[in-house]
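Student: Could you take me on a close look at the place where two helices meet beside the ligand? I would like to know which residues meet there and what surrounds the ligand.

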Amino acid sequence: MGDKDKFGATLRRRATITAAKGESKQLNGTNATSVSNSSGKAKRKIQESFTTDSLNEHGKQKNASYDKMRCHKMQESMLSSASGFRNYRGILNWCVVMLVLNNARLFLENLLRYGILVDPIQVVSLFLKDPYSWPAACLVIVSNLFIIVALYTERKLAMGSFGEKYGLLIHSINLSVILCFPVITVLKLPSITPAGGLFALGVYTVLFLKLYSYKDVNRWCRERRHTKARSLCRSLSCPSGQSSENGGQTHVSYPGNLSLRDMYYFIFAPTLCYELNFPRSERIRIGFLLRRLFEMLLLTQLLVGLTQQWMVPIIRSSMKPFKDMDLSRIIERLLRLALPNHLIWLIFFYWFFHSSMNFVAELLRFGDREFYRDWWNSETVTYFWQNWNIPVHKWCLRHFYKPMLRKGVSKWVGQSAVFFASAFFHEYLVSVPLRMFRLWAFMGMMAQLPLAWFVGRYLRGNYGNAAVWLSLIIGQPIAVLMYVHDYYVNNYQDEPLEVEAL
Ligand SMILES: CC(C)(COP(=O)(O)OP(=O)(O)OC[C@H]1O[C@@H](n2cnc3c(N)ncnc32)[C@H](O)[C@@H]1OP(=O)(O)O)[C@@H](O)C(=O)NCCC(=O)NCCS
């Protein structure tokens, strides 16, 4: 500080002298009297500036010598919240480094103990028992029949050949069969493996949600058409269902949308909510598409590798503590499983919601890419369910929750009904392929309601966020272990048990 002040004073003094010199130089060309006058003024100026500067300098020298002695001031420690310090980037990097190091150790230990367990051929055998029999794929191909029935019904409704009630009956039968037919097939056909069954049921569930939305939206269009027609007194200006070109994009209006092409675009589009005119991107970005494809391939390998090498040995070794009902060992295995399970779930999230959905969307030039929002910042369980799976959340809001609220159902009952339906589908997707009904997934989903209430009521901010993470990290492996244990007891009771795991 002192040095700085001295330096400043020197600079100012030099500037005053230079200014005075400059002034006298400028005046050289004029008459002598004015020269002598002005040189006198300049001298006075210089003298004045020297006097004030020397006074300032004296004070500043005094201050500087005082400053030299002071080395403390009033301030808070950085880690205390009152300091206002918020930059913890270094700590975050430290966490990442520690995570990588710890996992590297686990990876090495795992390799030393088990050798390489990764076997891509085994993945194929998860889906197929017999390479010449593809029952799950056949089941998926048959699903086209239900798509055609839905389209045919909508065309008849648009033409007025079917009444609204009759149309609703056909749609209801069609949707019920979509849910029941794969269940009966999976339960009756022993050649369908659990993985194959899960794939087929997943496709049918998505189809159920899509066709439900298709039915609703077309009904809304008919209702709007009737209202418009009534208000225009059967005027011919009522839209006749033609397609129009708007800025290079075709704009369809009801019933022009009831075509096979439109239906299949919706079936393959990464959304569950039907719309007559989806937002479309202008072109396919090849670079973006290839990046997503590369991610999909890489992450699939990683998912398979981590499951076979890390998760399966832990699950196998958890069976004995379960059989002996050794509680402390069960908890220990559960915590061991939590890490690989959570890592695999995170990778799955990125693989499905970012890479795969963006890949399909880019291929179809589907414009709305909001497949997820920042669920990782969730401070409440409600926020998590609103943001982690946007296609399902949008469907729930548009076709289930809001219609219920409009009918006068309370928010609490509406939310409970949505979670009940979601719990049903979770159980449906797990129990049927495994051919055992244990309700663990159902209970896990229903438990979200009291958990949401507890976190919303008692925990806020970072504590709420930690509670959401904890429920994800611990909740899932509990369900996994429950199902695997029950599946093991059902199918491999007599096989010898593995005891050790990393
Ligand atoms: C149940 C669920 C739909 C509730 O969603 P939410 O966003 O908390 O619901 P809210 O009560 O805040 O209301 C949401 C909407 O309803 C609207 N709404 C509220 N009261 C209304 C009423 N009486 N009539 C019509 N609309 C109403 C709100 O305006 C809001 O609309 P917006 O989204 O356009 O802003 C949500 O938690 C959910 O999707 N849960 C299940 C998720 C799930 O199972 N996912 C599975 C993933 S594997």
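Tutor: Let's start with the contact itself: from α13, Cys396, Phe400, Tyr401, Met404 and Leu405 meet Lys411, Gly414, Gln415, Ala417, Val418 and Ala421 of α14. Contact here means heavy atoms within 4.5 Å. Helices are DSSP runs (H or I, at least four residues), strands are E runs of at least two, and both are numbered from the N terminus. Sorted by class, the residues of this contact are eight nonpolar, two polar and one charged. Ala, Val, Leu, Ile, Met, Phe, Trp, Tyr, Cys and Pro count as nonpolar, Asp, Glu, Lys and Arg as charged, and the others, Gly among them, as polar.

A word on what you are looking at: this is a predicted model, in which local features need pLDDT of at least 70 and side-chain atom pairs count only at pLDDT 80 or more, while totals for chains, interfaces and linings use all residues. Residues are numbered from 1 along each chain as its sequence is written, and side-chain values use heavy atoms, with hydrogens and water left out.

Two packed helices are described by the angle between their axes and the distance between the axes. For α13 and α14, the angle is about 145° and the axes are 9 Å apart. The axes are lines fitted to C-alpha atoms over the stretch in contact, and angles run from 0 to 180 degrees between N-to-C directions. Their crossing is right-handed, a term for the near helix being turned clockwise from the far one by less than a right angle.

Now turn to the ligand. Around it are 20 residues, and the closest are Gln386, His393, Tyr401, Lys402 and Ser422; a residue counts if one of its heavy atoms lies within 4 Å. This shell holds 10 nonpolar, seven polar and three charged residues. Its largest share, eight residues, comes from α13.

Look next at some polar contacts, pairs of N or O atoms within 3.5 Å. Histidine 393 has a side-chain N or O atom 2.8 Å from an oxygen atom of the ligand. Tyrosine 401, which also belongs to the helix contact, places a polar side-chain atom 2.8 Å from a ligand oxygen. For lysine 411, another residue of the helix contact, the distance from a side-chain N or O atom to a ligand oxygen is 3.1 Å. Taken alone, the ligand exposes 1,000 Å², and the protein buries 69% of that (Shrake-Rupley method, 1.4 Å probe). The elements giving two or more residues to the shell are α12 (381-387), α13 (390-406) and α14 (411-434).

Conventions
Polar contact = N/O pair within 3.5 Å; in protein donor to acceptor, adjacent residues only side chain to side chain.
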